[in-house]
Amino acid sequence: MGVIREYLKSAISSIRNNKGRSLLTMLGIIIGIAAVLAVLVIGDGLRAAVTGEMSALDVATINVSLDVAKTDKCFTPENMEAIERNMSCIYGLSPSVSLYGNGKGTKKSYNLSFSGGSDALSENGQNKILYGRYFTRDDVNAANYVCVISQISAMKLFGYENAVGETIEITNGDITKDFTVVGIRENTSMDESYAEGEDPSLQGDVPYTTVALAYNKDVNTMFTKVTAYMHKDNKDEAAAKMKSVVENVLGIRGESAVKVDASSGMDSTSDTILNVVTAVVALIASISLLVGGIGVMNIMTVSVTERTREIGIRKSLGARTSSILTQFLAEAAILTFLGGIIGIILGLTLARIACAMVDFPYTVNPVLVIVVVFISTGIGLFFGIYPAKRAAKLDPIEALRAE
Amino acid sequence: MKKLVVIKDVSKIYNPGENEVRALNHVSLTIGEREFVAIIGQSGSGKSTLMNMLGCLDTPTSGKYYLHGQDVSHMTDDEQSDIRNKEIGFIFQGFNLIQSLTALENVELPLIYRGVGKKERDRLANAALNSVGLEKRKTHKPNEMSGGQQQRVAIARAIAQAPPILLADEPTGNLDSASSKEIMKIIKRLYSEGRTVIIITHDPGIAQQAKRIITISDGMIKSDIINPDYKED
Ligand SMILES: Nc1ncnc2c1ncn2[C@@H]1O[C@H](COP(=O)(O)OP(=O)(O)O)[C@@H](O)[C@H]1O
Ligand SMILES: [Mg+2]
């Protein structure tokens with residue numbers, strides 16, 4: 001062990017004696033390592049930024065859609081309930097329909113942009129009820145004129161927060177209906193930015209059946225898309241079962257008319273783009289590492305030639321083949337290890353700056369850093385083998401004669 | 001007297017075939033423990049070849065070499081390395097110090113390859129440097145020292161792990177006369193302390209200081225005499 005320490009010491013002093021050249025040698029490794037690491041960390045940041053809010057919650061979603069080219073079936077209140085009965089692992093299904101219009105409260109009138117859905121919408125993770133209740137399955141089945149609105153909507157329409165029991169008069173075109181406020185939910189960041197915008201609109205949720213009834217639409221032909229809500233631990237199970245359950249309940253055979261999308265918030269094209277970018281940078285980085293490795297081999301070979309006499313001296317004093325081999329391998333490995341460390345610092349700095357500029361979360365997986373350290377050291381060991389073997393095999397007499 | 005070096009009918013042939021050179025031609029030689037031998041010969045006579053053989057840096061084309069009774073004529077590179085480390089202290093004409101290391105670090109090298117621990121290594125290396133009068137130069141690099149001082153570092157390195165044989169190849173060849181005298185004085189002292197010293201030289205003035213003088217010419221031993229003029233200091 002003491003011997004290894006001597007080799008490391010001698011390697012470090014040899015690197016220190018040739019600072020400029022050592023740095024040049026490390027450059028390829030530094031650039032390669034910095035590039036890979038920066039791209040991976042920024043990529044992670046991007047993914048986290050896109051999926052971040054959802055994954056922070058316990059709720060997961062799966063979107064199910066019917067291909068209208070292959071089937072004329074639609075989601076109906078009945079078949080949605082049947083699907084729910086067959087899938088105990090989900091909270092429920094909700095279609096989605098928007099309700100726009102002018103809403104009149106006791107204080108003032110505002111533009112509204114309400115979401116119509118089922119009571120399962122209450123599980124979307126952003127519906128923390130502060131006063132009253134969310135609308136229920138009974139409200140949905142009966143198409144009751146009820147709604148849940150955000151805190152800020154209550155303030156704007158009625159001038160106070162706990163507006164449970166108040167009535168909003170909603171006008172769309174020539175149809176006007178009264179909706180009873182049954183619950184007030186906590187604001188989301190969206191609620192406030194919409195309500196305070198230049199063209200303010202207030203947010204709330206209503207049963208989709210009520211929207212259909214109010215505007216004379218048929219709930220049985222409105223929806224070819226629904227969202228399933230579930231605990232995130234159940235997502236894989238639900239995603240696996242969903243297609244066949246929907247096909248069975250709706251009576252669709254073959255033809256892959258049912259599409260199940262279980263991707264996590266980030267749509268698949270941007271995911272693909274990110275993967276392609278990662279692959280391209282990884283390729284460039286690998287080439288850079290390869291070039292860096294060859295540079296190390298080159299410099300080490302020059303170093304062996306320059307230090308032929310030193311090798312002869314060491315051998316005359318009793319250095320074995322393995323001692324010389326280890327010494328030069330250690331030197332190559334330390335060179336690339338240091339290159340790796342500098343590359344890591346550089347790469348993480350770049351990633352940090354980039355993440356800060358575009359407002360991505362910056363997190364570093366320590367395993368990644370450790371792997372990178374091993375890779376860079378491994379490059380030195382691999383590309384150091386050839387020059388180290390050359391050094392170890394030198395004939396002591398000839399080596400001693402060298403100038 | 002116990003036999004330390006026994007060479008039996010050793011030949012070394014370079015470029016066997018057309019232009020072959022018989023650098024050593026059926027040489028037999030015995031050197032006992034605690035001897036002080038000079039091997040003298042003209043340039044090209046085969047001195048360095050013999051020294052490489054004696055120092056286990058090279059193996060004979062034919063013949064046998066027994067060192068401490070052990071046949072070392074056909075060994076692997078690593079076995080030779082171990083023998084060199086244990087049995088032989090080299091003193092070269094050109095000092096052969098590693099320029100990037102300090103005096104102390106240079107002296108420590110054979111001890112490192114011996115596997116001696118840091119503390120013991122420090123002690124031995126310091127003792128060796130003290131014994132050649134370099135206690136004030138331990139942290140100096142070779143290029144900060146005179147030729148005589150560098151050769152003293154080399155001597156300290158050769159004796160640090162106490163090998164039985166000191167093998168000096170033209171040890172004063174690169175030195176002025178004052179430094180030469182100093183180095184020869186140290187070498188003689190090392191002999192009188194109980195070591196076997198073999199000096200290889202072309203300089204009769206150096207050879208005359210040894211107790212036994214072997215003359216070599218054309219790869220053969222021409223004479224092997226006890227020096228009648230030898231005097232203890
Ligand atoms: N590596 C070698 N290849 C071929 N011939 C050599 C080699 N080394 C030495 N010789 C030859 O062997 C003879 C003895 O050389 P050497 O032992 O170096 O003599 P010295 O040291 O007495 O000058 C010389 O003729 C020399 O040219
Ligand atoms: Mg010679």
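## A tour of chains A and B

Begin with Asp71(B), which at 30% relative accessibility counts as partly exposed in this predicted model. Add Lys64(B) to the selection: its side chain meets that of Asp71(B) in a salt bridge, with 3.3 Å from N to O, and Lys64(B) is likewise partly exposed, since its relative accessible area of 32% falls between the limits of 20% and 50%.

Staying in chain B, select Glu182(B) and Arg152(B), whose side chains form a salt bridge at 3.8 Å, N to O. Glu182(B) belongs to helix α6 (residues 177–192) of chain B and Arg152(B) to helix α5 (residues 147–159) of chain B, so the pair ties together parts that are 30 residues apart in sequence. Colouring by accessibility will set the two partners apart, for Glu182(B) is partly exposed at 35%, whereas Arg152(B) is buried at 13%.

Next, show Arg212(B) with Asp224(B), a salt bridge of 2.8 Å from N to O. This pair links distant parts of the chain, as Arg212(B) sits in strand β9 (residues 212–217) of chain B and Asp224(B) in strand β10 (residues 220–226) of chain B, 12 residues apart. Here Arg212(B) is buried, with a relative accessible area of 9%, while Asp224(B), at 38%, is partly exposed.

Now turn to the boundary between the chains, where 22 residues of chain A and 24 residues of chain B take part in the contact. The area buried between chain A and chain B is about 2100 Å², and carbon and sulfur atoms contribute 54% of that area. Which residues form a salt bridge here? Select Arg320(A) and Asp82(B), whose closest N and O atoms are 2.4 Å apart; the count between the two chains is 1 salt bridge. Across this interface there are also 7 residue pairs in polar contact. On the chain A side, display α1 (2–17), α10 (308–316), α11 (321–358) and α13 (396–401), each of which supplies at least two of the residues that touch chain B. That side of chain A divides into 8 nonpolar, 6 polar and 8 charged residues.

For the interior, select Phe75(A), Phe114(A), Ile149(A), Ile168(A) and Val246(A), which touch the most other members of the largest nonpolar core, a set of 59 residues. Centring on Phe75(A) brings up contacts beyond its sequence neighbours, including Val64(A), Met80(A), Phe223(A) and Leu250(A). A second, separate core of 52 residues includes Ile313(A) together with Leu50(B), Tyr65(B) and Phe92(B).

Finish with Glu81(A), Glu84(A), Asp119(A) and Arg137(A), which are linked in a network of salt bridges; over all chains the count comes to 22 salt bridges.

Methods. Residues numbered from 1 in each chain as written. Chains lettered and ligands numbered in written order. Predicted model: local features only at pLDDT ≥ 70, side-chain atom pairs only at ≥ 80, totals over all residues. Heavy atoms only, no water. Contact = heavy atoms within 4.5 Å. Buried area = accessible area lost by both parts, 1.4 Å probe. Salt bridge = Lys/Arg side-chain N within 4 Å of Asp/Glu carboxyl O. Polar contact = N/O pair within 3.5 Å; in protein donor to acceptor, adjacent residues only side chain to side chain. Helix = DSSP H or I, 4+ residues; strand = E, 2+ residues; numbered from the N terminus. Nonpolar A, V, L, I, M, F, W, Y, C, P; charged D, E, K, R; others polar. Core = buried A, V, L, I, M, F, W, Y, C linked by side-chain atoms within 4.5 Å. Buried < 20%, exposed > 50% of the residue type's maximum accessible area, 1.4 Å probe, protein only. Lists of a residue's contacts leave out its neighbours within four places in sequence.
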